[in-house]
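Open the model in your viewer and keep the selection tool at hand. The stops below go from single residues to whole chains.

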Amino acid sequence: MDILSNLALGFSIALSPWTLMLAFVGCFVGTIIGALPGLGPSNGVALLIPISFSMGLDAISALVLLTSVYYGAMYGGRISSILLNIPGDEPAMMTTLDGYPMAKQGRAGDALVISGVASFYGALLATIGLMLLAPLLSRVAFEFGPAEYFALYMLAFCTLGGVGSNNQAKAALAAALGLGIAMIGLDQTTGMPRFTFGELHLMDGIDFLVAIVGLFAVSEVFHFIESHGKDSAIGVKLGRITIPWRDLGRTHGAMARGTGIGFLAGILPGAGASLGSFLAYMAEKSVSRNRANFGKGAPEGVAAPEAGNNAAAGGALVPMLTLGVPGSGTTAVLLALLLTLNITPGPLLFTEKPDVVWSLIAALLIANVMLLIMNVPMVKVFVRILSVPSWVLLPGVTMVAFVGIYSLTGSSFDMLLMVAFGVLGWICRKLGIPTVPIILGILLGNAMEDNLRRAMVLSNGDWTYLFSSGISIGLWTAAVLGFVAPMFLRRFLKKPPIPATESYDRD
Amino acid sequence: MAADRIFGAVMIVLALGYVLSAMNIQTSFISDPVGPRVFPYMVAAVVIVCSLVMVLKPDPDADWPAPLMLLKIGAALAVLIGYALTIRAMGFIIPTVIASAVLSYMISPRAVPAALAGLGLGVGLYVLFKVVLGLGLVALPRGWF
């Protein structure tokens, strides 16, 4: 078996004490990041990339550390969903629907255990799915030429815009904004400066890490100052944690279905974990025998979305690693990490750097076991950390963002640029313009243009070449469908409202 | 309503400026059939079309902060800009203490906890980043020793 020998290679690297330590730290920090409202997997990982890079970690160590943070944040998001009725991150939103009612009935401990086990279940199966599927997909990806890659990028932008936002025009605007920003700097083909306005700092283009930390982390500062108090709810007391074996047995089916749906949603470019948990919850609600209790504290309603979002997190790694096209905000951040480490994801990654891929997969398996232990018996530690007041937390997060960019680039110009992106992110959030397409545009812009121009070189300037192969026609069709279909589907798929909380000092 | 319209209009102006700037991109003698200008034109076209949609069919307005809150956010912005400009010359600890204390005070207006949070974060983060993680930070302004 190819996979087993590859996996053995991966474990031989990942089982060193140093890597295990990094995985442990990553899981711990990740769970905290996930649990803290306002910090999710994408801005958590974004904050840590510049720091781990400045620490001089090698590629494998940095990958292990940050993917552990990624998985950890996916686990941690549920803690504040259940205890505070505030989703710790966006994918954990659906967990509030039944998790918080369960907690109000005095079953907070049960809800945490069930969701923890569901997270483990979803993430573990998705990692195995990644292991089986990624090598297959990377073989298909060898067939891709520049025209196909161009179509693939279009697909990613279209589905991201179509599925992830309520207004197609705003999503497309965001993507174009990102692509436009990516054009700044020296043109790769001709070596001519573009949009630099004679500013030396802009010659190398805008560092995508500066944009990511600004859009994802600094914008949170402005949002928080504006909304402070509104988001603080009265927490639910957590009693002794016991394992509710009966509920675990009963929710087994919900976890399995949630995992399947979430994994598929994760693989789709542009969809990601939020959609995974949403679909998993809605599907479970329509098939479950216990459906009358959904929204009132049904254990299935906690298990399905948690399995779904963790499975989607694993699924999202498939297109990211094999094609270099991220499926969500967080995988976009992970793509930024790979590019910073000089690793180009794509089919060649599997043949040229099997040690990187397989040690990453092994690390994910190890991280999962660690996370199960941290999130079930040790969950109280994280509950305590949740009580860090926001007036300490938020300045802390801001300073970490600055330190990261400062130690990475050492320039005030980049820090000011980061603040500017923070303001842009805040305005976008106000106007309902999604920021993930901006990031994706900045990340993929140069590759997208490059592939377009190479395709035109191959075809001698004939634009019909873009639609000349079966694969590219399929991708274009999917792109158009992914952009247009949600306009009609949106009427049928309404998000259920979050249960009401008693909160104090509304202003 | 108004916010979408304003944003759309600003974006159209920016996109037109972008096109203008793209027209001045030099092409070298070795080039490809597409050249360095076409893709920026395409991007600008998408921006203009989407912005027109925003201007003509705006979404209902988000609730914008009251003038006082806007002032507060402006102040936070000023703190961040000031921080970005001083951290190089002043070393890490002093600007961090000040900036985090001010931000903390904005979230929860109590002077003593805010000052303590600033001090704790300034010193604590320095120890974490410099001593534990080994990043190259300078604690205090050069020449103080």
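Select Asn342(A). It counts as exposed because its relative accessibility is 65%; exposed means over 50% relative accessible area, buried under 20%, and partly exposed in between, with a 1.4 Å probe and protein chains only. Asn342(A) sits in the loop between helix H14 (329-340) and helix H15 (347-352) of chain A. Helices here are DSSP runs of H or I with at least four residues, strands are E runs of at least two, and both are numbered from the N terminus. Check the backbone too: Asn342(A) is not a glycine, yet its phi is positive, about 65°. Most residues other than glycine have a negative phi.

This is a predicted model, in which local features need pLDDT of at least 70 and side-chain atom pairs count only at pLDDT 80 or more, while totals for chains, interfaces and linings use all residues. Residues are numbered from 1 along each chain as its sequence is written, chains are lettered from A and ligands numbered from 1 in the order in which they are written, and side-chain values use heavy atoms, with hydrogens and water left out.

**Next loop: Asn460(A)**

Move to Asn460(A), in the loop between H20 and helix H21 (470-489) of chain A. What is the sign of phi at Asn460(A)? Phi of this residue, which is not a glycine, is positive, near 60°. Asn460(A) is exposed, as its relative accessible area is 70%.

**Into helix H20: Ile438(A)**

Now select helix H20, residues 436-459 of chain A, and pick out Ile438(A) within it. Buried or exposed is the question for Ile438(A). Ile438(A) counts as buried because its relative accessibility is 0%. Show its surroundings. Apart from neighbours within four places in sequence, Ile438(A) is in contact with Ala174(A), Leu177(A), Gly178(A), Leu215(A), Leu424(A) and Cys428(A). Contact means heavy atoms within 4.5 Å. Then draw a C-alpha to C-alpha distance from Ile438(A) to Phe216(A): the two are 11 Å apart in space and 222 residues apart in sequence.

**Across to helix H6: Phe150(A)**

Phe150(A) belongs to helix H6 (residues 146-164) of chain A. Its relative accessible area is 4%, so Phe150(A) is buried. Which residues does Phe150(A) contact, neighbours within four places in sequence left aside? In chain A they are Met448(A), Asn451(A), Leu452(A), Leu466(A) and Trp476(A). Switch on chain B as well, since Phe39(B) is also in contact with Phe150(A). Label Met448(A): its C-alpha is 5.7 Å from that of Phe150(A), with their positions 298 residues apart in sequence.

**Helix H4: Met74(A)**

Select Met74(A) in helix H4 (residues 59-84) of chain A. Met74(A) counts as buried, because its relative accessibility is 2%. Leaving out neighbours within four places, its contacts are Pro41(A), Pro91(A), Ala273(A), Glu306(A), Asn309(A), Asn310(A) and Ala313(A). Asn310(A) is 236 residues away from Met74(A) in sequence, and the C-alpha atoms are 6.1 Å apart.

**Zoom out: chain A**

Colour chain A by secondary structure: 21 helices and two strands. Its C-alpha atoms fill a box of roughly 70 × 50 × 50 Å along the principal axes. The radius of gyration is 22 Å, which agrees with the value near 23 Å for a compact globule of 507 residues. That radius is taken over C-alpha atoms, and the globule rule is 2.2 Å times the number of residues to the power 0.38. Of the 507 residues, 64% count as buried. Among contacts with a separation of 6 or more in chain A, 81% join residues 24 or more positions apart.

**Last stop: chain B**

Select chain B: five helices, zero strands. Colour 2-56 as domain 1 and 67-132 as domain 2, following the domain assignment; such bounds come from an automatic or database domain assignment. How many Å separate the C-alpha centres of domain 1 and domain 2 of chain B? They lie 38 Å apart. The C-alpha trace of chain B spans about 60 × 50 × 25 Å along its principal axes. A compact globule of 145 residues would have a radius of gyration near 15 Å, whereas chain B has 23 Å. In chain B, 42% of the 145 residues count as buried.
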